[in-house]
Amino acid sequence: MALAFRPCRSDDPPGRELLGELIELLNAQYPGRATRPGSVTTPEEMIPPRGVFLVGYEDDRPIAIGGLRRLEDSIAEIKRMYVIPEARSHGVGRALLAALEDAARELGFERVRLDSGPAQQHSRALFAATGYAEIAPYNANHIADYFAEKAL
């Protein structure tokens, strides 16, 4: 599998379409989320120099997305990680997470944070396996019950 990550805006294709799939999934997993999202991230928050939005390609096929936005001068937040169902369990999520961490370093961040809800057990296992440590809640995301941070 030839996997490459390229920057894109989250409101331009193909990122927009994959983000739509993620939102549908989250709305199904968390009833009521459509009317009361856990957190809102704008496309402008995920562009340099404050952030980035990456699309992962297997050859020329878009199969994953993930974003990064500034929380504080030295801390970024990882947002909107998604891998299409057919590409899961093949290391794409781990590669996406590493690409987002690399992008955070390139933008000058020293730490990254993230959160997830109870339906993202596989994500939590990935985060723990890649060095994320649980921390106290750092935002008011009412869906999230897991908050973690990693020093870069």
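Here is a friendly conversation about the pockets and salt bridges of this predicted model.

Visitor: Why is the pair Glu 86 and Arg 61 called a salt bridge?
Guide: A salt bridge needs a side-chain nitrogen of Lys or Arg within 4 Å of a carboxyl oxygen of Asp or Glu. The closest N and O atoms of Glu 86 and Arg 61 are 2.7 Å apart, so the pair fits that definition.

Visitor: What makes this pair a tie between separate parts of the chain?
Guide: Glu 86 sits in the loop between S4 and H2, while Arg 61 belongs to strand S3, so the pair ties together parts that are 25 residues apart in sequence.

Visitor: Why does Glu 86 count as exposed?
Guide: The word exposed is used for a relative accessible area over 50%. Glu 86 has 51%, so it counts as exposed. Its partner Arg 61 has 39%, and a value between 20% and 50% is called partly exposed.

Visitor: How do you know that Glu 101 and Lys 150 form a salt bridge?
Guide: Their closest N and O atoms are 3.2 Å apart, and the cut-off is 4 Å, so the pair qualifies. Glu 101 lies in helix H2 and Lys 150 in strand S7, so this bridge ties together parts 49 residues apart in sequence.

Visitor: Are Glu 101 and Lys 150 buried or exposed?
Guide: Buried means under 20% relative accessible area. Glu 101 has 6%, so it is buried. Lys 150 has 15%, so it is buried too.

Visitor: What about Arg 124 and Asp 145?
Guide: In that salt bridge the closest N and O atoms are 2.0 Å apart. Arg 124 is in helix H3 and Asp 145 in the loop between strand S6 and S7, 21 residues apart. With 17% relative accessibility, Arg 124 counts as buried, whereas Asp 145, at 44%, is partly exposed.

Visitor: Which residues are joined into one network by salt bridges that share partners?
Guide: Glu 45, Arg 69, Glu 77 and Lys 79. The whole structure has 13 salt bridges.

Visitor: Now for the pockets. Which residues are closest to the centre of the largest pocket?
Guide: The largest pocket holds about 940 Å³ of space. Of its 36 lining residues, Met 81, Tyr 82, Gln 120, Ser 123 and Phe 127 are the closest to the centre. Strand S4 gives the largest share of the lining, 6 residues.

Visitor: What classes of residue make up that lining?
Guide: The lining of the largest pocket divides into 17 nonpolar, 13 polar and 6 charged residues. Met 81 is among the residues closest to the centre, and Met counts as nonpolar.

How values were computed
Residues are numbered from 1 along each chain as its sequence is written. This is a predicted model: local features need pLDDT of at least 70, side-chain atom pairs count only at pLDDT 80 or more; totals for chains, interfaces and linings use all residues. Side-chain values use heavy atoms; hydrogens and water are left out. On a 1 Å grid over the protein atoms alone, a cavity is a set of points where a 1.4 Å probe fits but cannot get out, and a pocket is an open set with protein on both sides within 12 Å along at least five of seven lines; lining residues have an atom within 4 Å of a point. Grid points are joined across faces, edges and corners, and a volume is the space filled by probe spheres set on the points. Helices (H or I, at least four residues) and strands (E, at least two) are DSSP runs, numbered from the N terminus. Buried means under 20% relative accessible area, exposed over 50%, partly exposed in between (1.4 Å probe, protein chains only).
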